[in-house]
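Good morning, everyone, and thank you for making time for this short talk. Please have a look at the sequence and the structure as they come up, and keep them in view while I speak.

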Amino acid sequence: MSPSPKILTSISLFGTLLLLPLLVASSLHDLLQSQGLPVGLFPDNVKSYKFDPDDGRLEVHLETPCMAKFDGRVHFDRVVTANLSYGGLVGLEGLSQEELFVWFNVKGITVNDPSSGLILFDIGVAHKQLSLSLFEDPPVCKRQGVLAEILGRKKMGFQVQR
């Protein structure tokens, strides 16, 4: 016995309502908020983004690679990718954070409980808790100097852990 058209319509409507926040997100900031994340995770120089709601793949394109500050310095590559799900970005690529003069790739960002006021950064060797208040607004991202872009961070004395 096949389901009635009324049941199929109800299921389809329910599925559409679940995806609605993802489909109507007009900006990256709207998308992040609809997924329980703060708007200030990505810098002010976002040029475009692509999001596939089927697999959660998020690809953010910046005008240029740049440096910003949360509680310490962070580096954004020109393209940052991650899998987006409610409350988190996992499998991050293109974002690194400086800790004690060493650069670490940020592998994931999670907000487990928004009422705690904390956000968790996974930098591989450790997890770092930061205040959500640091991410209320997109950070100003400053383009690296031309010399730094030509030589790259490694040759300028910075090391990125992979």
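Let me begin with a question: is Lys 128 buried or exposed? Lys 128 is buried, with a relative accessible area of 17%, where buried means under 20% relative accessible area, exposed means over 50%, and partly exposed lies in between, computed with a 1.4 Å probe on protein chains only.

Before I go further, I should say that this is a predicted model, in which local features need pLDDT of at least 70 and side-chain atom pairs count only at pLDDT 80 or more, while totals for chains, interfaces and linings use all residues. Residues are numbered from 1 along each chain as its sequence is written, and side-chain values use heavy atoms, with hydrogens and water left out.

So what does Lys 128 form a salt bridge with? The partner is Glu 99, and the closest N and O atoms of the two are 2.5 Å apart; a salt bridge here is a side-chain nitrogen of Lys or Arg within 4 Å of a carboxyl oxygen of Asp or Glu. This pair links distant parts of the chain, since Glu 99 is in strand E5 and Lys 128 is in strand E9, 29 residues apart; strands, labelled E, are DSSP runs of at least two residues, numbered from the N terminus. Salt bridges that share partners also bring in Asp 71, and Asp 71, Glu 99 and Lys 128 are thereby joined into one network.

By this rule the count comes to four salt bridges, and another of them is formed by Arg 73 and Glu 98, whose closest N and O atoms are 2.9 Å apart. This pair, too, links distant parts of the chain, with Arg 73 in strand E4 and Glu 98 in strand E5, 25 residues apart. Arg 73 is partly exposed, with a relative accessible area of 35%, whereas Glu 98 counts as buried because its relative accessibility is 16%.

A further salt bridge takes us to strands E1 and E2, where the side chains of Lys 50 and Glu 59 meet at 3.9 Å, N to O. Lys 50 stands opposite Glu 59 in E2, and the two strands, E1 with residues 46-52 and E2, run antiparallel and are joined by six bridges; two strands pair if DSSP finds at least two bridges between them. Lys 50 is exposed at 53%, while Glu 59 is partly exposed at 24%. In the hairpin of E1 and E2 there are four residues between the strands, and Gly 56 takes a positive phi near 80 degrees.

E2 has another partner, because E2 and strand E4 (residues 73-85) pair in the antiparallel sense over five bridges, and here Glu 59 stands opposite Thr 81 in E4. Also in E2, which spans residues 57-62, is His 61, whose side chain makes a polar contact with the side chain of Glu 59 at 2.7 Å; a polar contact is a pair of N or O atoms within 3.5 Å, and within protein one must be able to donate a hydrogen and the other to accept it, with residues adjacent in sequence counting only if both atoms are side-chain atoms.

Let me turn to the aromatic residues. How many aromatic pairs does the structure hold? There are four, where rings of Phe, Tyr and Trp (its six-membered ring) pair if their centres lie within 6.5 Å, and planes under 30 degrees apart count as stacked, over 60 as edge-to-face and the rest as tilted. One of these pairs, Phe 70 with Phe 121, is edge-to-face, at 6.0 Å centre to centre and 70 degrees between the planes. Phe 70 lies in the loop between strand E3 and E4, and Phe 121 lies in strand E8, 51 residues apart. Phe 70 counts as buried at 7% relative accessibility, and Phe 121 counts as buried at 1%. Phe 70 also pairs with Phe 135 in a tilted arrangement, at 4.6 Å centre to centre and 55 degrees between the planes. Phe 70, Phe 76, Phe 121 and Phe 135 form one aromatic cluster.

Finally, a word on backbone angles. Most residues other than glycine have a negative phi. Leu 100, however, has a positive phi near 50 degrees, and Phe 101 has a positive phi near 70 degrees. Leu 100 lies in the loop between strands E5 and E6, as does Phe 101. Leu 100 counts as exposed at 79% relative accessibility, and Phe 101 counts as exposed at 73%.
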